[in-house]
Number of protein chains: 2
Amino acid sequence: MFMKLSNYTKIFKALSNEQRLKIFMMIYKNCCSPEGSKIGAEFRIKGESCCPVGGSLEKAFTKICDCMSLSRSTVSHHFKELQNAGLITCEREGQVYRCKVNTEVLDSIKDLMK
Amino acid sequence: MFMKLSNYTKIFKALSNEQRLKIFMMIYKNCCSPEGSKIGAEFRIKGESCCPVGGSLEKAFTKICDCMSLSRSTVSHHFKELQNAGLITCEREGQVYRCKVNTEVLDSIKDLMK
DNA sequence: AGTAGTATTCTAGAACAATCGAACTGCCTG
DNA sequence: CAGGCAGTTCGATTGTTCTAGAATACTACT
């Protein structure tokens, strides 16, 4: 159940940036809502609404960039860091960009602090 | 119960360095053992044993430095970062350097990930 | 195939973090 | 009160991270 220490630091590092933590929380609050948890947060490329909690995120990067005043490359970079730490998994299906939080990773953090 | 996002990032940043996480875990495993939790981990300046889990840490800095191949100034810096994030509190009484983990902070992390 | 929209990669600069050694302060203890 | 540990602060060096912009690649639609 326990990971190597360096895995933990990777995770903490990923969450140590405020922008990235925001993005993570957006995904987390989505995909861990009753329905969200089944499907993962959906980041649709076409659409209008922006960064809601409890629905799906539309027009992922562009909208997140607007919300957070970050460039696309930066947001892309943050997504990759989160994936790299194992905190989220993302996959693309046509125009839908689907992200899920890896709850096992969260569990092992809670374990570490038990 | 929830803190500002920037408080969380401070905490995660403090734990995002492997050396610092090691130091933190040493303190944590000490002061959260049955007896340890009452008194806090003790870092005695005189003594012999090194970096045990479940006792008190003797000759804190010197020994930790030996264990971890870090200079005193670096270790001192890491202690300060941990304190700064609110993860631990330290106080000195003569030759005894006493450290405690702030479990409320750990609780709010667990809350964030609930 | 061509175009538009969207994400990724690369690069580079600015800001920040980790680390050390040296100089310093404080507290015993002889 | 002098000497010696224990820890802190400072300055320098080296390495890492954040970020934007430009160039590139992927996807859908016409």
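**Exercise 1. Classify the accessibility of B:Lys110 and characterise its salt bridge.**

Solution. Step 1: B:Lys110 has a relative accessible area of 24% and is therefore partly exposed, where buried means under 20% relative accessible area, exposed over 50%, and partly exposed in between (1.4 Å probe, protein chains only). The model is predicted: local features need pLDDT of at least 70, side-chain atom pairs count only at pLDDT 80 or more, and totals for chains, interfaces and linings use all residues. Residues are numbered from 1 along each chain as its sequence is written, chains are lettered from A and ligands numbered from 1 in the order in which they are written, and side-chain values use heavy atoms, with hydrogens and water left out.

Step 2: The partner of B:Lys110 in a salt bridge is B:Asp107, with 3.7 Å between the closest N and O atoms. A salt bridge is a side-chain nitrogen of Lys or Arg within 4 Å of a carboxyl oxygen of Asp or Glu.

Step 3: B:Asp107 is likewise partly exposed, at 34% relative accessibility.

Step 4: The two residues stand three apart in helix 6 of chain B, so about one helical turn separates B:Asp107 from B:Lys110. Helices (H or I, at least four residues) and strands (E, at least two) are DSSP runs, numbered from the N terminus.

**Exercise 2. Determine how many salt bridges the structure holds over all chains, and describe the one formed by A:Lys110.**

Solution. Step 1: Over all chains, the count is two.

Step 2: In chain A, A:Lys110 pairs with A:Asp107, and their closest N and O atoms are 3.7 Å apart.

Step 3: Both residues belong to helix 6 (residues 103-112) of chain A, where they are three residues apart, or about one turn of the helix.

Step 4: A:Lys110 is partly exposed at a relative accessible area of 25%, and A:Asp107 is partly exposed at 33%.

**Exercise 3. Describe the overall organisation of chain A and the packing of its helix 1 with helix 6.**

Solution. Step 1: Chain A contains six helices and four strands, arranged along the sequence as α-α-α-β-β-α-α-β-β-α.

Step 2: Of the 114 residues in chain A, 46% are buried.

Step 3: Contact means heavy atoms within 4.5 Å. Among contacts in chain A between residues at least 6 apart in sequence, 52% link residues at least 24 apart.

Step 4: Helix 1 (residues 5-14) of chain A packs against helix 6 of chain A at an angle of about 110°, the axes being 11 Å apart. Axes are lines fitted to C-alpha atoms, for helices over the stretch in contact, and angles run from 0 to 180 degrees between N-to-C directions.

Step 5: The two helices of chain A are therefore roughly perpendicular; angles under 35 degrees count as roughly parallel, over 145 as roughly antiparallel, 65 to 115 as roughly perpendicular and the rest as oblique.

Step 6: At this junction A:Tyr8, A:Ile11 and A:Phe12 of helix 1 meet A:Val105, A:Ser108, A:Ile109 and A:Leu112 of helix 6.

**Exercise 4. Analyse the surroundings of A:Arg20.**

Solution. Step 1: A:Arg20 is located in helix 2 (residues 18-31) of chain A.

Step 2: A:Arg20 is buried but has no salt bridge, as the nearest side chain of opposite charge, that of A:Glu81, is 4.4 Å away. For charge, Lys and Arg count as positive and Asp and Glu as negative; His and the chain ends are not counted.

Step 3: The side chain of A:Arg20 does make a polar contact, at 3.2 Å, with the side chain of A:His78. A polar contact is a pair of N or O atoms within 3.5 Å; within protein, one must be able to donate a hydrogen and the other to accept it, and residues adjacent in sequence count only if both atoms are side-chain atoms.

Step 4: Leaving aside residues up to four places away in sequence, A:Arg20 touches A:Lys13, A:Ala14, A:His77, A:His78, A:Glu81 and A:Leu82.

**Exercise 5. Place B:Lys13 and B:Asn17 in chain B and list their contacts.**

Solution. Step 1: B:Lys13 is part of helix 1 of chain B and is partly exposed at 46% relative accessibility.

Step 2: Beyond residues up to four places away in sequence, B:Lys13 touches A:Ser16 and B:Arg20.

Step 3: B:Asn17 occupies the loop between helix 1 and helix 2 (18-31) of chain B, and its relative accessible area of 26% makes B:Asn17 partly exposed.

Step 4: With the same sequence exclusion of up to four places, B:Asn17 touches A:Thr9 and B:His78. The C-alpha atoms of B:Asn17 and B:His78 are 9.1 Å apart, although 61 residues separate the two in sequence.
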